[in-house]
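Pull up the model and give it a slow turn before reading on. We'll take a relaxed walk through it together, one part at a time.

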Amino acid sequence: MRVERVENHKGKIQVSTWDRAEVDIPARITAEPSWVVDRSRIDATGVIIDSTADSLRIKTKYAPNNHWCCGTTPEVHYTIRMPKNARLAICDHRSELEIASRHTAASGRVTGLGGPLTLDTHRRGIQVQFFSFQVNSRITTHRGSSDLAMPRGSRFEACHP
C-alpha cells in the first residue's frame with residue numbers, strides 16, 4: 001500500500017508507521033483557535049479518500065465560499081498510521097507536521113526516514129533526518145526553510161529555481 005498524496009491547507013498532519021498492511025486515517029475538522037468561523041464552513045469542509053488496491057490519496061475539500069486569505073478556512077487535523085514501507089507525498093500550505101518513521105518526530109521535523117520523501121509546504125520550515133538516503137526525494141518549500149541531515153557518503157543535489 002502506498003499513501004501517494006496527502007493534501008491539506010492548514011491544521012495538523014501527524015504520520016507514524018506500523019507493521020500492518022493497512023492505513024488508519026482519523027481526521028478532525030475544527031475552527032482555527034484565533035478566528036470565529038461560521039459553523040456552515042466547518043460542515044462544508046470534508047475529507048476525500050480515493051483508494052485503489054495499492055494506493056491511497058487523501059485530500060481536504062473546502063467549500064467554494066471559504067476564503068484562505070482571510071483566515072476563515074477551517075483546520076483539518078489528520079492522524080495517519082501507515083505501513084512502514086509505504087511511500088508518502090505531502091502537499092500542504094501551513095499545517096503543523098509531525099512525521100515519524102522509526103523514531104518519534106517533533107513538530108515540523110522528520111526523523112529516521114529510510115525511504116523517499118516528497119514534501120511541498122508553504123510558510124513552514126522542515127527538518128529531515130535520513131537514516132538511509134538511497135532513492136530520489138523532493139522537498140519544496142515556499143517561504144520556509146529546509147534542514148537536511150544525511151548519512152555520510154550520501155549523494156545529494158540541491159536545485160534552486
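What follows goes from the overall layout to a hairpin, then to the core, and ends with the charged pairs.

Keep in mind that this is a predicted model. Start with the big picture: the protein chain has one helix and 13 strands. If you read along the sequence, the pattern goes β-β-β-α-β-β-β-β-β-β-β-β-β-β, so the helix comes after three strands, as that same pattern and the numbering of elements from the N terminus show. Of the 161 residues in the protein chain, buried ones make up 37%. The accessible surface comes to about 9,600 Å², and 46% of that belongs to carbon and sulfur atoms. How much of the contact picture joins residues at least 24 apart? Among contacts between residues at least 6 apart in sequence, the share is 55%.

Now zoom in on strand S5, which covers residues 55-61. Strand S4, residues 46-51, runs antiparallel to S5, and six bridges join the two. Together S4 and S5 form a hairpin, with three residues between them. To see one bridge pair, look for serine 51, whose partner in S5 is leucine 56.

Serine 55 also lies in S5. Is serine 55 buried or exposed? Its relative accessibility is 11%, and the limit for buried is under 20%, so serine 55 counts as buried. Its side chain makes a polar contact of 2.9 Å with the side chain of threonine 52.

Further along S5 you'll find threonine 60. Threonine 60 counts as buried because its relative accessibility is 7%, under the 20% limit. The side chain of threonine 60 has a polar contact too, with the side chain of tyrosine 78, at 2.7 Å. Not counting residues up to four places away in sequence, threonine 60 touches Glu7, Asn8, Thr45, Gly46, Val76 and Tyr78.

Tyr78 is a handy stepping stone, since this residue also turns up in the largest nonpolar core. That core has 22 residues, and those touching the most other members are Val6, Ile13, Val15, Ile58, Tyr78, Ile80 and Ile90. Several strands chip in: S2, S5, S6 (75-83), S7 (88-92), S8 and S11 (126-130) each supply at least two residues of this core. Which strand gives the most? That would be S6, with four residues. As general background, nonpolar side chains tend to be buried together in soluble globular proteins. For a closer look at one core member, pick valine 15: leaving aside neighbours within four places in sequence, valine 15 is in contact with Ile80, Met82, Leu88, Glu98, Ile99 and Ala100.

Next, hop over to strand S1, where glutamate 4 sits. With a relative accessibility of 26%, glutamate 4 counts as partly exposed. Setting aside neighbours within four places in sequence, glutamate 4 is in contact with Ser55, Leu56, Arg57, Arg87, Leu88 and Ala89. Glutamate 4 and threonine 118 are 114 residues apart along the chain, yet their C-alpha atoms are separated by 9.5 Å.

That leaves the charged pairs. Side chains of opposite charge can pair when their charged atoms come close. The structure holds five salt bridges, and a good place to begin is glutamate 7. Glutamate 7 forms a salt bridge with arginine 5, where the closest N and O atoms are 2.8 Å apart. Glutamate 7 also meets lysine 59 in a salt bridge, at 3.9 Å from N to O. This second pair links distant parts of the chain, with glutamate 7 in strand S1 (residues 2-8) and lysine 59 in strand S5, 52 residues apart. Put together, Arg5, Glu7 and Lys59 are linked in a network of salt bridges. How open are these three? Glutamate 7 is partly exposed, at 22%, arginine 5 is partly exposed, at 27%, and lysine 59 counts as partly exposed, at 40%.

For one last stop, find lysine 12 and glutamate 96, whose side chains meet in a salt bridge of 3.8 Å, N to O. This pair links distant parts of the chain as well: lysine 12 is in strand S2 (residues 11-18) and glutamate 96 in strand S8 (residues 96-100), 84 residues apart. Glutamate 96 counts as partly exposed, with 28% relative accessibility.

Notes
Residues are numbered from 1 along each chain as its sequence is written. This is a predicted model: local features need pLDDT of at least 70, side-chain atom pairs count only at pLDDT 80 or more; totals for chains, interfaces and linings use all residues. Side-chain values use heavy atoms; hydrogens and water are left out. Buried means under 20% relative accessible area, exposed over 50%, partly exposed in between (1.4 Å probe, protein chains only). A polar contact is a pair of N or O atoms within 3.5 Å; within protein, one must be able to donate a hydrogen and the other to accept it, and residues adjacent in sequence count only if both atoms are side-chain atoms. A salt bridge is a side-chain nitrogen of Lys or Arg within 4 Å of a carboxyl oxygen of Asp or Glu. Contact means heavy atoms within 4.5 Å. Accessible areas come from the Shrake-Rupley method with a 1.4 Å probe; for residues, only the protein chains shown count as cover. Two strands pair if DSSP finds at least two bridges between them. A nonpolar core is a set of buried Ala, Val, Leu, Ile, Met, Phe, Trp, Tyr and Cys residues joined through side-chain atoms within 4.5 Å.
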